[in-house]
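Trainee: I have a model on screen and a list of labels for it. Can we test each label against its cut-off?

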Amino acid sequence: MNARFPAQMPALRKLYDKPGLWLQEDTPLPRIGPREVLIAVTHAGICGTDRHIYEWDAWSKSRVAVGITTGHEFVGKVVQLGSAVTRAQLGQRVSAEGHIGCGVCQPCRTGNGHICERVDILGIDCNGCFATYVAVPEENVWPVHPKIPNHIAAVFDPLGNAVHTVMAAGVSGRSVLITGVGIIGLMAVTVARAAGAGFIMVTDRDERRLKVARDIGADHAFNASDDTWPTKARELTHDQGPEVLLEMSGHPKAIRQGFTALRNGGTAALLGLPAEPVAFDLANDIIFKGATVLGINGRRMFETWYQMESLLLSGRLELDQIVTHTLPMREFERGFQLMQSGEGIKIVLEMPQDSGATSPAEEAVAAK
């Protein structure tokens with residue numbers, strides 16, 4: 001490792017086969033390859049996936065290796081370049097796409113790298129960004145526009161999920177139903193409004209989230225505990241049902257009810273991940289309806305990123321009520337507890353800064 005950087009750093013890691021994450025102060029710094037950059041992380045978002053890993057549910061146990069540094073949403077500064085890097089610049093403020101494609105499979109070669117057959121995901125398959133430094137391939141680096149603040153740049157990943165889902169469904173001028181207004185569902189509300197959606201309805205069991213959804217652009221909010229809401233949703237759309245369903249919850253009942261509400265010929269974009277297989281009335285809810293169903297995974301690389309930047313710079317996205325807390329990294333336990341209690345929605349961690357490290361660019365300036 002370059003002597004200008006310390007040999008070790010603090011990082012949040014999954015050190016044991018049980019619930020929790022652990023702050024390891026002496027984590028080795030990442031070693032970058034020829035096509036990689038080293039980024040000093042300043043802010044990182046806690047994702048729903050990170051919560052799954054923290055709680056160590058069945059999915060996490062089957063998917064995540066013990067010993068990994070977690071986290072995949074971040075913004076930071078480029079501090080070291082691999083020998084074959086050609087575009088990234090030292091000192092550049094950047095975020096990054098957390099899905100690292102192989103680049104050579106059929107999806108990657110046809111512009112569908114977001115569904116790469118051999119994808120590695122930052123903080124799941126390789127060491128992530130809950131650390132002072134993270135290594136990322138240059139191809140995944142995204143320069144952050146100076147007008148976009150750090151706490152927003154740190155959550156490009158989930159915002160990109162929302163943008164991908166909304167844009168794929170084609171919401172402009174159409175009535176929209178969003179089932180589940182967690183972090184990404186709430187983001188989908190403001191994205192859909194900014195993208196020109198017509199009447200927007202949402203469902204959830206959490207009244208606090210439903211209020212936020214109304215505040216940022218939803219026209220009507222249903223409490224999902226009321227089983228009559230699909231009928232009411234159809235009544236509010238001239239007894240036809242919404243033209244677009246954005247399924248964000250992954251809950252089997254919400255999925256079934258969303259398709260019940262969807263009108264004939266409607267479009268359903270599914271992002272929420274069920275914990276188990278879902279029983280479904282395929283004939284009545286899709287085939288006889290002539291519904292178009294879209295499976296949404298991650299972000300289109302990098303079409304979604306350009307759309308996301310344009311929406312942010314337009315000033316039409318309402319995110320202040322969604323990114324509710326910014327905490328020092330060492331208070332990560334509180335961050336997860338805020339998410340679990342529902343008091344917090346999107347939590348951003350401020351990473352400790354390594355005041356002793358100097359980049360080649362900084363050394364060059366000092367030498368003049």
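Mentor: Yes. Start with exposure: buried means under 20% relative accessible area, exposed means over 50%, and partly exposed lies in between. Keep in mind that this is a predicted model.

Trainee: Why is Arg 330 called partly exposed?

Mentor: Its relative accessible area is 46%. Partly exposed is the class between 20% and 50%, so Arg 330 belongs there.

Trainee: What makes Arg 330 and Glu 25 a salt bridge?

Mentor: The closest N and O atoms are 2.5 Å apart. The cut-off is within 4 Å, from a side-chain nitrogen of Lys or Arg to a carboxyl oxygen of Asp or Glu. The pair therefore counts as a salt bridge. Arg 330 is in the loop between β16 and α12, and Glu 25 is in strand β2, 305 residues apart. Glu 25 is partly exposed too, at 43%.

Trainee: How do you know that Arg 63 and Asp 125 form a salt bridge?

Mentor: Use the cut-off of 4 Å again. The closest N and O atoms are 2.5 Å apart, so the pair passes. Arg 63 lies in helix α2 and Asp 125 in the loop between β7 and β8, so the pair ties together parts that are 62 residues apart in sequence. Arg 63 has a relative accessible area of 31%, hence partly exposed. Asp 125 has 30% and gets that label as well.

Trainee: What makes Asp 206 and Arg 208 a salt bridge?

Mentor: Their closest N and O atoms are 3.5 Å apart. The limit is 4 Å, so the pair qualifies. Arg 208 counts as partly exposed, at 48% relative accessibility.

Trainee: Which residues are joined into one network by salt bridges that share partners?

Mentor: Arg 35, Glu 138 and Glu 139. The structure holds 16 salt bridges.

Trainee: Why is His 99 called buried?

Mentor: Its relative accessible area is 11%. The cut-off for buried is under 20%, so His 99 is buried. His 99 is found in strand β6. Leaving aside neighbours within four places in sequence, its contacts include His 114, Asp 120, Asn 140, Arg 299 and Met 301.

Trainee: What makes Phe 332 buried?

Mentor: Phe 332 has a relative accessible area of 6%. That is under the 20% limit, so the label holds. Phe 332 sits in helix α12. With neighbours within four places left out, Phe 332 is in contact with Leu 12, Leu 21, Leu 23 and Leu 349. Its C-alpha atom is separated by 9.7 Å from that of Glu 350, 18 residues away along the chain.

Trainee: What makes β17 mostly covered?

Mentor: Of its 5 residues, 4 are buried.

Trainee: How do you know that β17 pairs with β3 and with β16?

Mentor: Two strands pair if there are at least two bridges between them. β3 and β17 have 4 bridges, in the antiparallel sense. There, Gly 45 stands opposite Val 348. β16 and β17 have 5 bridges, in the parallel sense. Here Pro 328 stands opposite Glu 350. Both pairings pass. β16, helix α12 and β17 also make a right-handed β-α-β unit.

Trainee: Why is His 238 called exposed?

Mentor: His 238 has 70% relative accessibility. Exposed means over 50%, so the label fits. Asp 239, at 53%, counts as exposed too. His 238 and Asp 239 both lie in the loop between α8 and β13.

Trainee: What is phi in His 238 and Asp 239?

Mentor: Positive in both: near 55 degrees in His 238 and about 60 degrees in Asp 239. Most residues other than glycine have a negative phi.

Trainee: Which peptide bond is cis?

Mentor: The one that joins Met 301 and Phe 302, with omega about 5 degrees. Phe 302 lies in the loop between β15 and α11.

Trainee: How do you know that the radius of gyration agrees with a compact globule?

Mentor: With 368 residues, a compact globule would have a radius near 21 Å; the protein has 21 Å, so the two agree. Along its principal axes, the C-alpha trace spans about 70 × 40 × 40 Å. Buried residues make up 52% of the 368.

Technical notes: Residues are numbered from 1 along each chain as its sequence is written. This is a predicted model: local features need pLDDT of at least 70, side-chain atom pairs count only at pLDDT 80 or more; totals for chains, interfaces and linings use all residues. Side-chain values use heavy atoms; hydrogens and water are left out. Buried means under 20% relative accessible area, exposed over 50%, partly exposed in between (1.4 Å probe, protein chains only). Helices (H or I, at least four residues) and strands (E, at least two) are DSSP runs, numbered from the N terminus. A crossover is right-handed if, with the strands pointing away from the viewer, the path from the first strand over the helix to the second runs clockwise. Contact means heavy atoms within 4.5 Å. The radius of gyration is taken over C-alpha atoms; the globule rule is 2.2 Å times the number of residues to the power 0.38.
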